[in-house]
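Subject: Structure for you to look through

Hi,

Here is the structure I promised to pass on. Please open it first, then read my notes below.

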Amino acid sequence: MTDRQSVEDDFREFVAARSPALLRTAYLLTGDWATAEDLLQTALTKIYLAWRRLGEIEAVEPYARRVLVNTSISWWRRRWHGERPTEVLPEPAVADRVDEQLERDALWRHVQSLPARQRAVLVLRFYEDLSEAQTAAILDISTGTVKSQTSRALSTLRGRLGAERAAEQARVDELAAQAARPRIPRQAPTPAPAPPPRPVRAAAPRVPAPAGGVEGR
């Protein structure tokens, strides 16, 4: 087996084993499945080109995540990100956990609106469950920067969620106040006056015919 063939076989095994997890990370970074697939394809291309110098397979995974994060940040800076419909992360439907699902969806919506660096820190720390040191290594920043970026991101999320809840509560209070106001019954319209009675014309008297018939017959 040639060295090139060995590299390709190892790369195929890596792609088959880790692509689903890396695609999930790409989605968390972009918030869109189509963009996530493009991001993963870009990352896999870079991984393949750097495969020989990466050495041990243990070094490939951190490198792959670093490529995903750096590429997503560069795309974020180049593109305008306005409001757009996005799919939520697939969750099993549970009838008695609707409030929890709504809260999670609201949180994810606000995570998507964070600056690229803060979002990357939250994705790696809380969605991917990496340590501060691992996150710092992938992003090539200090542990202190990870802490400060995490603090700023969480503070932003708390503020936005708080404002959203306050707006919802104000709307509920407004609807409750409207429902509590007494309703003034509508007055029935005044009936139109009846027209005056039409005068009854008397019938002309009937004149009886003369007795004995008509003369001159």
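A term you will need: pLDDT is the predictor's confidence in each residue, from 0 to 100. You need it because this is a predicted model.

**Confidence**

Where in the chain is confidence lowest, and where is it highest? The lowest is in helix H5, residues 98–112, with a mean of 69. The highest is in H7, at 92. Across the chain the average pLDDT is 76. Of the residues, 66% score at least 70.

Two stretches call for care. Residues 80–85 stay under 50 in pLDDT. The model gives them four contacts beyond four places in sequence. Residues 88–98 are also below 50. That stretch has seven contacts in the model beyond near neighbours in sequence. Where pLDDT is low, the predicted coordinates should not be read in detail.

**The chain as a whole**

How many helices and strands does the chain have? There are eight helices and zero strands. Along the sequence, the pattern reads α-α-α-α-α-α-α-α. The chain has 217 residues, and 29% of them are buried. Now take the contacts between residues at least 6 apart in sequence: 67% of these join residues at least 24 apart.

**H1 and H2**

Start at the beginning of the chain. Helix H1 covers residues 3–30, and helix H2 covers residues 33–49. Their axes come within 9 Å. They cross at roughly 150°. The crossing of H1 past H2 is right-handed.

Which residues make the contact? From H1 they include Val 7, Phe 11, Phe 14, Leu 22 and Tyr 27. From H2 they include Trp 33, Leu 39, Leu 40, Leu 44 and Ile 47. Charged residues take part too, among them Arg 4 and Glu 8 of H1 and Glu 37 of H2. By class, the contact of H1 with H2 has 15 nonpolar, three polar and three charged residues.

**H7**

Next, look at H7. Its buried residues are Thr 135, Ala 136, Ile 138 and Leu 139. Why do they line one face of the helix? Seen down the axis of H7, they fall within an arc of 165°, so they line one face.

Ala 137 also lies in H7. Is Ala 137 buried or partly exposed? Its relative accessible area is 45%, and buried means under 20%, so Ala 137 counts as partly exposed. Its C-alpha atom is 8.5 Å from that of Arg 66. Those two residues are 71 apart along the chain.

**The loops on either side of H7**

Most residues other than glycine have a negative phi. Which way does Asp 129 go, positive or negative? Its phi is positive, near 60°. Asp 129 lies in the loop between helix H6 (116–127) and helix H7 (132–139). Its relative accessibility is 65%, so Asp 129 counts as exposed.

Asp 140 also has a positive phi, near 60°. Asp 140 comes just after H7. It is found in the loop between H7 and helix H8 (143–180). Asp 140 is exposed, with a relative accessible area of 67%.

Best wishes

Methods:
Residues numbered from 1 in each chain as written. Predicted model: local features only at pLDDT ≥ 70, side-chain atom pairs only at ≥ 80, totals over all residues. Heavy atoms only, no water. Axes fitted to C-alpha atoms, helices over the stretch in contact; angles between N-to-C directions. Helix = DSSP H or I, 4+ residues; strand = E, 2+ residues; numbered from the N terminus. Left-handed = near helix turned anticlockwise from the far one by under 90°. Contact = heavy atoms within 4.5 Å. Buried < 20%, exposed > 50% of the residue type's maximum accessible area, 1.4 Å probe, protein only. Arc of directions from axis to C-beta.
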